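Biologist: Please take a close look at one part of this for me, the aromatic rings that bring the chains together. Start from a single ring, work outwards, and explain any jargon as you go.

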Amino acid sequence: MSAVADKYSELQDLGVEVISVSVDSHFVHKMWNDHELTKMVDGGIPFAMASDQAGNIGRAYGVWDEAQGIELRGRFIIDPDGVIQGMEVLTPPVGRRLSETIRQIQAFQLVRESGGSRATPAGWQPGELTLKPGPDLVGKVWEVWNPSMEQ
Amino acid sequence: MAEEAVGCGRVTGTVGDDAPSDAHAPAIVDELPLEVHVTATVGQKAPDFTAPAYHKGSFNPVSLSDYAGSWVLLCFYPGDFTFV
């Protein structure tokens with residue numbers, strides 16, 4: 001969570017709010033923030049740390065591990081209409097790479113701002129070429145894009 | 001928003017229609033239904049929820065719908081004081 005807190009200002013610049021969820025109580029969240037996370041991130045965790053002790057939210061989002069009674073690492077990108085645009089679920093030992101999540105948010109925001117008229121090819125980064133799906137592009141993606149352009 | 005009264009009940013998050021009528025009074029664990037079905041799917045509405053939360057020094061319940069109109073990054077993780 002400190003990795004997300006560290007990039008919080010970048011997320012806020014993109015108009016993104018953050019909620020973290022685990023099975024720990026909100027009291028434990030406070031202790032973790034005060035005693036450890038504040039030593040990793042200036043000012044501690046800037047977003048709401050939610051508590052889901054009975055796993056109800058985790059079940060609804062498909063990240064509940066019944067055997068261990070914990071929530072798996074799941075991150076969901078939700079748009080301003082409340083629609084889930086992206087989800088990624090990892091087992092506990094491997095952490096997420098937030099820069100990839102931010103890239104995906106930027107891509108979803110571009111698509112939304114274009115009214116759905118644009119799409120971003122594999123590996124797209126902000127500022128790079130986007131695609132305009134339509135009859136003229138069928139069978140001709142190769143003319144404008146190929147995998148070697150992915151950085 | 002008034003800060004939540006800190007009691008001793010084991011409060012937890014609730015989803016959608018199971019949320020208590022007062023959206024800012026999180027449910028006590030004993031009152032919860034036994035089954036909640038997975039409803040999260042890409043391209044579909046995210047299940048709303050209300051949960052007790054710690055936020056910048058205060059205990060204030062949070063609902064996903066509090067952030068309607070904004071992009072939201074919702075992050076689940078295995079537990080506080082874990083290593084990754």
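**Starting from one ring**

Modeller: Let's begin with Phe27(A), which is partly exposed, with a relative accessible area of 31% (buried means under 20%, exposed over 50%, and partly exposed in between, with a 1.4 Å probe and protein chains only). Bear in mind that this is a predicted model: local features need pLDDT of at least 70 and side-chain atom pairs count only at pLDDT 80 or more, while totals for chains, interfaces and linings use all residues. Residues are numbered from 1 along each chain as its sequence is written, chains are lettered from A and ligands numbered from 1 in the order in which they are written, and side-chain values use heavy atoms, with hydrogens and water left out.

The partner to look for is Phe59(B), which counts as buried at 11% relative accessibility. Over all chains there are nine aromatic pairs (rings of Phe, Tyr and Trp, the last by its six-membered ring, pair if their centres lie within 6.5 Å; planes under 30 degrees apart are stacked, over 60 edge-to-face, and the rest tilted). One of them is Phe27(A) with Phe59(B), edge-to-face, at 5.0 Å centre to centre and with 90 degrees between the planes. Phe27(A) sits in helix α3 (residues 26-40) of chain A and Phe59(B) in strand β4 (residues 58-59) of chain B, so this pair joins two chains. (Helices, H or I with at least four residues, and strands, E with at least two, are DSSP runs numbered from the N terminus.)

Now for another pair, Tyr61(A) and Phe49(B): their ring centres are 6.3 Å apart and their planes are at 80 degrees, so it is edge-to-face. It also crosses between chains, from Tyr61(A) in the loop between α4 (56-60) and β3 (64-65) of chain A to Phe49(B) in strand β2 (residues 49-51) of chain B. Both of these residues are buried. They have company, too: Tyr61(A), Phe76(A), Phe49(B) and Phe76(B) make up one aromatic cluster.

Follow Phe49(B) into its strand. Its bridge partner across from β2(B) is Val15(B), and β1(B) and β2(B) pair in the antiparallel sense over two bridges (strands pair if DSSP finds at least two bridges between them). In general, strands of a sheet pair through backbone hydrogen bonds, either parallel or antiparallel. Here three strands of chain B form an open sheet in the order β1-β2-β5, with antiparallel pairing. Its edge strands are β1 (14-15) and β5 (62-63) of chain B, each pairing on one side only.

Phe59(B) leads to another sheet. Which strands make it up, and in what order? Seven strands form this open sheet, in the order β6(A)-β5(A)-β6(B)-β1(A)-β2(A)-β3(B)-β4(B), with mixed pairing. The edges are β6 (84-90) of chain A and β4 of chain B, each pairing on one side only. Further in, β1(A) and β2(A) run parallel and are joined by four bridges. Across them, Ser20(A) stands opposite Met49(A), and Val21(A) stands opposite Ala50(A).

In a regular strand, side chains alternate between the two faces of the sheet. Look at β2 (residues 48-51) of chain A and you'll find both faces covered: Ala48(A) and Ala50(A) on one side, Met49(A) and Ser51(A) on the other, all buried.

Ser51(A) takes us back towards helix α3. Ser25(A), in the loop between β1 (16-22) and α3 of chain A, touches Ser51(A) and Gln53(A), leaving aside its neighbours within four places in sequence (contact means heavy atoms within 4.5 Å). At 13% relative accessibility, Ser25(A) counts as buried.

One more aromatic residue is worth a visit: Phe108(A), in helix α5 (residues 98-113) of chain A. It is partly exposed, with a relative accessible area of 25%. With the same neighbours in sequence left aside, Phe108(A) is in contact with Ile77(A), Gln85(A), Gly86(A) and, in the other chain, Trp71(B). Phe108(A) and Ile77(A) are 31 residues apart in sequence, and 9.1 Å apart in space, C-alpha to C-alpha.

Finally, step back to chain A as a whole. It has six helices and six strands, running α-α-β-α-β-α-β-β-β-β-α-α from the N terminus on. Of its 151 residues, 48% count as buried.
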